[in-house]
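These are my notebook entries on a structure I went through by element, contact and pocket. Each entry records what I looked up and what I found.

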Amino acid sequence: MSNQWDNNRDYHSFANVDEIRVKHLALDLDVDFAAKQLTGVAELTLDYIDTSCRHLWLDLRDLTILEVRDDKGDALTFSIDKHDPILGERLNISLLSQTASVNLHYQTSPNAQGLQWLTPEQTSGKSLPFLFSQSQPVNARSWIPLQDSPKARITFEAIVKVPVGMRAVMSAMNDATASLDGEFSFFMEKSMPTHLLAIAVGDLAFGKIGDRTGVYAEPEVLDAAVKEFEDTELMVEIAESLLGPYPWGRYDMIVLPPSFPFGGMENPRLAFITPTLIAGDKSLVSTVAHELAHSWTGNLVSNATWRDLWLNEGFTTYFTNRIVEAVFGKEQAELEVVLEYGRLKEELVATEFAEQNLPANVQTQDPNEAFNRFTYDKASMFVHDLERRLGREAFDKFLYTYVQHFAFEAITTETFIEYAKQTLLVEHGDKLSEAELLEWVYGCGMPDWFTAPVSNSLDKVEAAIESWLQGIQASSLETDSWRVHHWQYFLNSLPEALSQEQLMELDECFNLTQSTNAEIACDWFRVAIRNHYDPVLPALSDYLIRIGRGKFVRPLYSELQIAGYETEIKQIYSQARVGYHPSIVVQLDKSLNFNS
């Protein structure tokens with residue numbers, strides 16, 4: 001562990017959170033689709049940690065600050081005095097004698113990285129435009145001037161004005177019966193990290209799932225979404241049985257257009273969900289369980305800095321698996337852990353050994369780099385190992401107590417280690433040593449004692465691969481009982497090099513190129529690209545233009561690069577780019593050396 005860094009400092013924020021904290025945010029926003037702009041006022045209520053502090057440092061990215069006034073209406077002096085390509089800008093406001101609150105009149109840029117503006121043609125209904133945000137990790141500052149650090153938890157309220165006939169929703173309590181008269185009000189009375197601030201505006205209808213669960217979506221998508229996610233209320237009950245009462249009141253979801261760059265985003269009271277999860281057979285709804293699990297691990301107890309992201313994602317990935325096991329059975333849960341480890345193995349091979357620990361040492365890098373298989377899957381393997389050592393009953397007790405102990409707090413890796421020393425190592429010192437705990441967290445690679453997860457359910461897949469490689473025809477393989485996870489394992493376990501004849505046989509037999517399951521299609525396209533199986537190119541192009549989910553598009557463009565498809569990359573990306581979320585565009589422009 002390097003001593004180079006201050007582990008308590010958030011290197012991805014300019015905010016002076018140790019001197020002064022914003023404790024409440026009040027927004028009054030106008031949504032202008034023609035200008036692709038939010039205009040309005042942000043009122044920040046201040047809490048002085050250092051009573052002598054007379055300056056407030058806020059995070060911005062491409063915001064225009066028109067004026068700043070205090071709670072008495074007096075103008076405050078401000079300047080933008082720092083610029084950084086990763087962090088954006090620092091807004092330095094001079095405060096008068098313990099100013100209670102500041103009002104910032106501002107407008108966003110049409111190119112705000114945290115907002116995506118879609119034309120009617122880019123939506124399902126084709127009649128109204130659509131807006132949605134993506135604040136994590138550091139893009140809340142591109143649509144609100146604030147202390148954009150997970151350490152700075154806030155409550156908030158908002159008034160949002162939109163075109164009549166459109167619905168606005170936020171990561172707050174939403175009223176599905178609100179009239180579409182052009183003005184919506186929101187309130188979030190529980191403190192939350194700023195990266196969970198979220199807004200969406202569009203032609204949105206609501207479908208009820210349970211007493212405290214439901215889904216917003218474009219009308220054309222709503223029925224399929226309600227059916228796909230009908231087990232959500234049951235998932236909430238299962239989660240509560242493990243980690244205590246659901247802390248946020250309601251758990252609603254919104255299915256966004258396909259350009260949404262993630263599988264899901266755990267915004268409290270309104271989880272954002274990709275439409276690529278609607279497979280028709282509930283095979284991909286573990287992502288819904290993942291976003292729900294974040295309600296406790298990530299939203300209730302959160303990472304203090306992006307270095308500590310594994311505390312969010314590792315515990316949540318483990319917790320997701322427990323929900324899946326309870327709702328869909330042990331076989332599916334085991335399959336998902338095996339596939340999870342498969343993803344981790346790929347990254348173990350591709351990543352420098354020194355980077356293979358749980359804390360994401362991205363202090364001088366884009367915090368998006370923290371979202372890797374180590375913060376998710378290696379961290380999840382650590383939590384599974386804790387459960388195995390302690391036994392499920394004892395581990396569940398620890399997990400429950402841990403979450404309740406740190407509820408509504410942001411913690412660092414070192415806070416967790418200290419807590420584990422005082423609890424786990426005291427109560428279960430015979431099953432886990434301090435050295436083993438530290439090896440899991442700070443060690444690189446996998447610990448010597450780690451045993452890879454297995455599933456007997458995959459024996460039939462391995463047997464099928466072996467038979468096919470020995471000459472048995474694909475049409476003779478017994479695949480009728482296979483789940484999506486079996487197909488993913490099949491595709492990911494194929495030899496790196498396959499002949500055109502072999503690929504054609506698999507494609508003709510199982511219609512893989514035309515798969516409507518986004519996960520299977522992506523895995524198949526990767527196999528096809530690396531073997532120059534060009535019949536997939538039209539379908540691949542359609543897929544990359546239609547879907548903007550980073551999990552799929554980044555590896556597919558990477559495979560195309562490695563395989564030398566430079567002309568095809570230019571053709572596809574030049575068409576697809578306009579439909580991708582700005583945060584994905586920034587990453588892909590860089591990796592593809594694209595100059596618009």
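I fixed the term first: a helix here is a DSSP run of H or I with at least four residues, and helices are numbered from the N terminus. The model is a predicted one.

**Entry 1. Glutamate 568.** I looked up its element and found glutamate 568 in helix 17. Its relative accessibility is 24%, so I entered glutamate 568 as partly exposed. I then took its C-alpha distance to serine 541, which is 8.6 Å, although the two residues lie 27 apart along the chain.

**Entry 2. The second largest pocket.** I noted a volume of about 720 Å³ for this pocket. Its lining comprises 38 residues, and those closest to the centre are Pro258, Pro275, Thr276, Arg546 and Ile547. I asked which elements give two or more residues to this lining. They are helix 1 (219-228), helix 14 (518-530), helix 15 (537-546) and helix 17 (566-576). Helix 15 contributes the most, with 5 residues. Sorted by class, the lining holds 20 nonpolar, 13 polar and 5 charged residues.

**Entry 3. Salt bridges.** How many salt bridges does the structure hold? I recorded 32. Side chains of opposite charge can pair when their charged atoms come close. I examined three pairs and one network.

Arginine 141 and aspartate 148 meet through their side chains at 2.9 Å, N to O. Are these partners buried or exposed? Arginine 141 has 0% relative accessibility and counts as buried; aspartate 148, also with a relative accessible area of 0%, is buried.

Aspartate 589 forms a salt bridge with arginine 577, with the closest N and O atoms 2.6 Å apart. Aspartate 589 belongs to helix 18 (residues 582-591) and arginine 577 to the loop between helix 17 and helix 18, so this pair ties together parts 12 residues apart in sequence. I entered aspartate 589 as buried because its relative accessibility is 16%, under the 20% limit. Arginine 577, with a relative accessible area of 22%, is partly exposed.

I also noted a network of salt bridges that links Glu346, Glu496, Arg526, Arg530 and Glu559.

**Entry 4. Strands 5 and 6.** The third pair led me to a hairpin. Aspartate 81 and arginine 90 form a salt bridge through their side chains, at 2.9 Å from N to O. Aspartate 81 is partly exposed at 33% relative accessibility, whereas arginine 90 is buried at 9%. Strand 5 (residues 78-84) and strand 6 (residues 88-94) pair in the antiparallel sense over 6 bridges. The two strands form a hairpin with 3 residues between them. I looked up the bridge partner of serine 79 and found asparagine 92, in strand 6.

**Entry 5. Helix 4.** I checked its length against the expected span. Helix 4 (residues 309-328) has 20 residues, which at 1.5 Å a residue should span 28 Å; the end C-alpha atoms are 28 Å apart, so the two values agree. How many of its residues are buried? The count is 18 of the 20, so helix 4 is largely enclosed by the rest of the structure. Glycine 329 follows helix 4 and has a positive phi, near 105°.

Technical notes:
Residues are numbered from 1 along each chain as its sequence is written. This is a predicted model: local features need pLDDT of at least 70, side-chain atom pairs count only at pLDDT 80 or more; totals for chains, interfaces and linings use all residues. Side-chain values use heavy atoms; hydrogens and water are left out. On a 1 Å grid over the protein atoms alone, a cavity is a set of points where a 1.4 Å probe fits but cannot get out, and a pocket is an open set with protein on both sides within 12 Å along at least five of seven lines; lining residues have an atom within 4 Å of a point. Grid points are joined across faces, edges and corners, and a volume is the space filled by probe spheres set on the points. Ala, Val, Leu, Ile, Met, Phe, Trp, Tyr, Cys and Pro count as nonpolar, Asp, Glu, Lys and Arg as charged, and the others, Gly among them, as polar. A salt bridge is a side-chain nitrogen of Lys or Arg within 4 Å of a carboxyl oxygen of Asp or Glu. Buried means under 20% relative accessible area, exposed over 50%, partly exposed in between (1.4 Å probe, protein chains only). The expected span of a helix is 1.5 Å times one less than its number of residues. Two strands pair if DSSP finds at least two bridges between them.
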